[in-house]
Amino acid sequence: MQRVEFTIEPFVEGHPGPHVTEAIAAVSSMGFQVELGPFGTGCTIDEQHAADVVAAVVKTAFANGATHVNIDVAQVAGSASSSRRGGA
């Protein structure tokens, strides 16, 4: 499993614009539960879907007025490949 977290700007506290809401809707429409947090938004997904989720966030956010998208992808502890070390 991987955790994909994203922050989309411009940021207006308490008033996420369509650049945020549409990106969340795009990920939700893929069948993933998205958690909206105070410092970012994210979801935990199977590894094979990470690239699709990242692409959907970037494409949808910029298409709806984003000026900056920050994405962080991390291996969730306990998943099969999290024990691999080194190499690409």
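Strands, like helices, are DSSP runs numbered from the N terminus; a strand (E) has at least two residues and a helix (H or I) at least four. The model is predicted, so local features need pLDDT of at least 70 and side-chain atom pairs pLDDT 80 or more, while totals for chains, interfaces and linings use all residues. Residues are numbered from 1 along each chain as its sequence is written, and side-chain values use heavy atoms, without hydrogens and water.

**Exercise 1.** Determine which residues the salt bridges join into one network.

*Solution.*
1. A salt bridge is a side-chain nitrogen of Lys or Arg within 4 Å of a carboxyl oxygen of Asp or Glu. The whole structure holds 2 salt bridges.
2. R3 pairs with E5, N to O, at 3.3 Å.
3. R3 also pairs with E35, with the closest N and O atoms 2.5 Å apart. This pair links distant parts of the chain, 32 residues apart: E35 belongs to strand 2 (residues 35–36) and R3 to strand 1 (residues 2–9).
4. Through shared partners, R3, E5 and E35 form one network.

**Exercise 2.** State whether E5 is buried or exposed, or in between.

*Solution.*
1. Buried means under 20% relative accessible area, exposed over 50%, and partly exposed in between (1.4 Å probe, protein chains only).
2. E5 has 37% relative accessibility, and therefore counts as partly exposed.

**Exercise 3.** Locate P10 and describe the peptide bond from E9 to P10.

*Solution.*
1. P10 lies in the loop between strand 1 and helix 1 (18–29).
2. The bond from E9 to P10 is cis, with omega near 10°.
3. Most peptide bonds are trans.
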